[in-house]
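Q: I am new to this structure and would like to know the reasons behind the words used for it. Could you take me through them?

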Amino acid sequence: MAYAKVLVVEDNPDILELVTYNLEAQGYEVLRAVTGESGLACARKENPDLIILDVMLPGLNGLDVCRKLKQEESTRRTPVILLTAKSEDSDVISGLELGADDYITKPFSPKVLIARARALLRRLSEEAGVAGGDLLQVHAITLDSGRHEVSVDGEPANLSATEFAILKHLMSNPGRVFSRGQIIDAVRGGNYPVTERSVDVQILGLRKRLGNEGQHIETVRGVGYRLRGAP
Ligand code: MN
């Protein structure tokens with residue numbers, strides 16, 4: 001995805017400039033918005049490959065924007081990275097619950113931002129590159145990598161890109177236990193710090209979205225998680 005289009009929604013002009021400069025230096029096309037409302041409008045219109053979204057915005061804040069993006073058919077699959085201040089820990093949890101894929105705490109280094117953006121875009125293009133749809137089925141859960149869709153008992157389940165990647169990893173290895181660190185490595189390609197707590201939040205969200213089938217994702221105390229194999 002050499003010419004991936006990235007939408008940056010940020011009201012602080014210095015941060016907006018810094019992020020834009022670094023993304024453009026890597027060859028990304030950058031769209032910019034300084035309010036939640038205009039960011040949302042731009043996302044609907046331009047269909048970006050990735051959205052970098054500040055949480056603290058005047059008016060419609062980043063969490064409101066994230067919620068709306070994830071509710072709308074045309075934008076719900078677009079990955080979102082939240083930019084948060086250190087003091088906004090609860091916002092990170094809410095954001096991940098709303099379907100954001102990752103977050104970066106301010107102040108951040110542009111290198112970290114680029115690495116995260118690249119990892120997310122790479123993962124998505126790899127998933128999209130699976131031709132013809134490679135189907136995984138465990139219990140009543142079906143995961144179609146080609147179409148990037150999950151259904152439970154034939155009903156579509158709306159997963160965020162990160163929830164999808166975690167489920168795909170668990171479904172590819174039913175019955176096997178993974179530590180939080182292994183799950184992070186599997187979905188992000190490793191090599192950068194992500195809190196283990198954010199894995200817990202993603203798993204909680206995943207269970208919720210899978211309804212009754214969510215119970216098959218077991219917490220293995222002191223170790224991590226596994227998807228119970230089909231009987
Ligand atoms: Mn802000």
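A: Happily, and let us start with a loop: Asn-47 lies between α2 (36-46) and β3 (50-54). Helices are DSSP runs of H or I with at least four residues, strands are runs of E with at least two, and both are numbered from the N terminus. The model is a predicted one, in which local features need pLDDT of at least 70, side-chain atom pairs count only at pLDDT 80 or more, and totals for chains, interfaces and linings use all residues. Residues are numbered from 1 along each chain as its sequence is written, and side-chain values use heavy atoms, with hydrogens and water left out.

Q: Why is Asn-47 called partly exposed?
A: Buried means under 20% relative accessible area, exposed means over 50%, and partly exposed is in between (1.4 Å probe, protein chains only). Asn-47 has 49% relative accessibility, so the term is partly exposed.

Q: What is phi of Asn-47, and what makes it worth pointing out?
A: Phi of Asn-47 is near 50 degrees, a positive value in a residue other than glycine.

Q: Which loop holds His-139, and what is its phi?
A: His-139 lies in the loop between β6 (135-138) and β7 (141-144). Phi of His-139 is near 55 degrees, again a positive value in a residue other than glycine.

Q: Why does His-139 count as partly exposed?
A: His-139 has a relative accessibility of 22%, so it counts as partly exposed.

Q: What makes the bond between Lys-106 and Pro-107 stand out?
A: Lys-106 and Pro-107 are joined by a cis peptide bond, with omega about -5 degrees. Pro-107 has its place in the loop between β5 (102-106) and α5 (110-128).

Q: How do you know that β11 and β12 pair?
A: Two strands pair if DSSP finds at least two bridges between them. Strands β11 (residues 217-220) and β12 (residues 224-227) are joined by four bridges and run antiparallel, so by that definition they pair. Within the pair, Val-220 stands opposite Gly-224, and Ile-217 stands opposite Leu-227.

Q: What lies between the strands of the hairpin of β11 and β12?
A: Three residues lie between the strands, and in this hairpin Gly-222 takes a positive phi near 80 degrees.

Q: What is the order of the three strands in the open sheet, and which stand at the edges?
A: The order is β10-β12-β11, with antiparallel pairing. β10 (178-179) and β11 stand at the edges; each has a single partner strand, so one side of each is left without a neighbour in the sheet.

Q: Why is Ser-151 called buried?
A: Ser-151, in strand β8 (residues 149-152), has a relative accessible area of 19%, so it counts as buried.

Q: What does Ser-151 touch?
A: Contact means heavy atoms within 4.5 Å. Not counting residues up to four places away in sequence, Ser-151 touches Ala-140, Ile-141, Thr-142, Pro-156 and Ala-157.

Q: How do you know whether Val-92 and Leu-96 are buried or exposed?
A: Val-92 is found in helix α4 (residues 89-97), and Leu-96 is found in helix α4 too. Val-92 has 6% relative accessibility, so it counts as buried. Leu-96 has a relative accessible area of 2%, so it is buried as well.

Q: Which residues are in contact with Val-92 and Leu-96?
A: Leaving aside neighbours within four places in sequence, Val-92 is in contact with Thr-84 and Tyr-103. On the same basis, the contacts of Leu-96 include Asp-101, Tyr-103 and Val-201. Leu-96 and Thr-162 are 66 residues apart in sequence and 9.4 Å apart in space, C-alpha to C-alpha.

Q: Why is the chain called as compact as a globular protein of its length?
A: The chain has eight helices and twelve strands. Its radius of gyration is 17 Å, close to the 17 Å that the globule rule gives for 231 residues, so the description fits. The radius is taken over C-alpha atoms, and the rule is 2.2 Å times the number of residues to the power 0.38.

Q: How much of the chain counts as buried?
A: Of its 231 residues, 53% count as buried.
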